[in-house]
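This report introduces a single protein chain to a reader who has not met it before. Please keep the sequence and the model in view while reading.

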Amino acid sequence: MVICKKCNCETENEIICDVCKVFVSREASTKASNEESIQVLDYFNKNYVERIKKKEDELENYSHRIRHHSVTYPKHSFMRFYWPAFILMFVLFFVLLTLLIAVDVNSILSFLAFPITLIGWAFIAKRRMENANARIFEVEDNERKEQKKLRQKSDEVMEDLRKIRSNMQHINDFLPERAINTKAMRYMLSQLKADPTSTFEDVLNSYLFISK
């Protein structure tokens, strides 16, 4: 019986822990056969490396979506709704003025119609601006709510990632940090399967050499 350095459980297998399925120690990894090396690396790749890669991809996706929902939309100005009527009133005023001069009519009400209309349209334009901006504020509020949901999901993924990595502390005893990635796993597993006489130490040293 030996004690696994990763889970601290007793195991009958002196090479691979019966509980956590990885090498019980650095010394055990040096004694592993080809079959045992494939077993451990395959398990480690599926339960750690691939899961980490998936979580990192999820985080990147959430980060992109959070940035996408961070848009602040430009608001409508008062003049956007006011200037068309303002120009139209000027045109109508000069047309009316021309007609009044032509027929020699002097009507104060005709002249007052112009400023009264402009003032009235100012209230209409203000209301239209407020309604248009209210729709923008509603969209922005929905964007903020969506952004909050995405941040919460991103935090959950980060917590999952932290837990996975915390369970890998013992792994660094027999597998260096730069060998814990998808590329390294694929290389070492392919080498082990291609050469039945190779061991974990052989393929690890080979990968560390070519990845300098």
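## Terms and confidence

A residue is called buried when its relative accessible area is under 20%, exposed when that area is over 50%, and partly exposed in between. D42, with a relative accessible area of 24%, is therefore partly exposed.

The model is predicted. The mean pLDDT of the chain is 85, and 89% of the residues reach 70 or more. Confidence is lowest in α3, where the mean is 70, and highest in α5, where the value is 94.

## The nonpolar cores

The largest nonpolar core holds 40 residues, of which F44, M168, I171, L175, A179 and M188 touch the most other members. At least two residues of this core are supplied by each of α2 (34-68), α4 (108-166), α5 (182-194) and α6 (200-210). The largest share, 10 residues, comes from α2.

F44 illustrates how this core is joined. Residues up to four places away in sequence aside, F44 touches V49, M168, I171, L175, I180 and M185. Another core, of 7 residues, lies apart from the largest one; L118, A125, M129 and A132 are among its members.

## Helices α6 and α1

Helix α6 contains the buried residues F200, E201, V203, L204, Y207 and L208. The buried residues of α6 pack against α1 (26-31), α2 and α5.

S29 is located in helix α1. Its relative accessibility is 1%, so S29 counts as buried. Beyond its neighbours within four places in sequence, S29 is in contact with F23, F174, F200 and E201. Two of these contacts, F200 and E201, are also listed among the buried residues of α6.

## Salt bridges

Side chains of opposite charge can pair when their charged atoms come close. The count of salt bridges in the model comes to 11.

In helix α2, the side chains of K46 and D42 meet in a salt bridge, at 3.4 Å from N to O. K46 and D42 are separated by about one helical turn, because they stand 4 residues apart in helix α2. K46 is partly exposed, because its relative accessibility is 47%. A second pair is formed by K53 and D57, whose side chains meet at 3.0 Å, N to O. K53 and D57 are likewise 4 residues apart in helix α2, and so about one helical turn separates them. K53 counts as partly exposed at 38% relative accessibility, and D57 counts as partly exposed at 36%.

The salt bridge between the side chains of E140 and K75 measures 2.9 Å, N to O. E140 lies in helix α4 and K75 in the loop between α2 and α3, so this pair ties together parts that are 65 residues apart in sequence. E140 is buried, with a relative accessible area of 7%, whereas K75 is partly exposed at 36% relative accessibility. Elsewhere, K126, R127 and E130 are linked in a network of salt bridges.

## A nonpolar surface patch

Which residues form a nonpolar patch on the surface? They are M79, W83, F86, I87, F90 and V91, and together they have about 540 Å² of accessible area.

M79 belongs to helix α3 (residues 78-103). Its relative accessibility is 42%, so M79 counts as partly exposed. Helix α3 is also where the confidence of the chain is lowest, at a mean of 70.

Definitions and conventions
Residues are numbered from 1 along each chain as its sequence is written. This is a predicted model: local features need pLDDT of at least 70, side-chain atom pairs count only at pLDDT 80 or more; totals for chains, interfaces and linings use all residues. Side-chain values use heavy atoms; hydrogens and water are left out. Patches are made of residues with over 30% relative accessible area and no salt bridge: like charges are joined within 9 Å, nonpolar side chains (Val, Leu, Ile, Met, Phe, Trp, Tyr) within 5 Å. Accessible areas come from the Shrake-Rupley method with a 1.4 Å probe; for residues, only the protein chains shown count as cover. A salt bridge is a side-chain nitrogen of Lys or Arg within 4 Å of a carboxyl oxygen of Asp or Glu. Buried means under 20% relative accessible area, exposed over 50%, partly exposed in between (1.4 Å probe, protein chains only). A nonpolar core is a set of buried Ala, Val, Leu, Ile, Met, Phe, Trp, Tyr and Cys residues joined through side-chain atoms within 4.5 Å. Contact means heavy atoms within 4.5 Å. pLDDT is the predictor's confidence in each residue, from 0 to 100.
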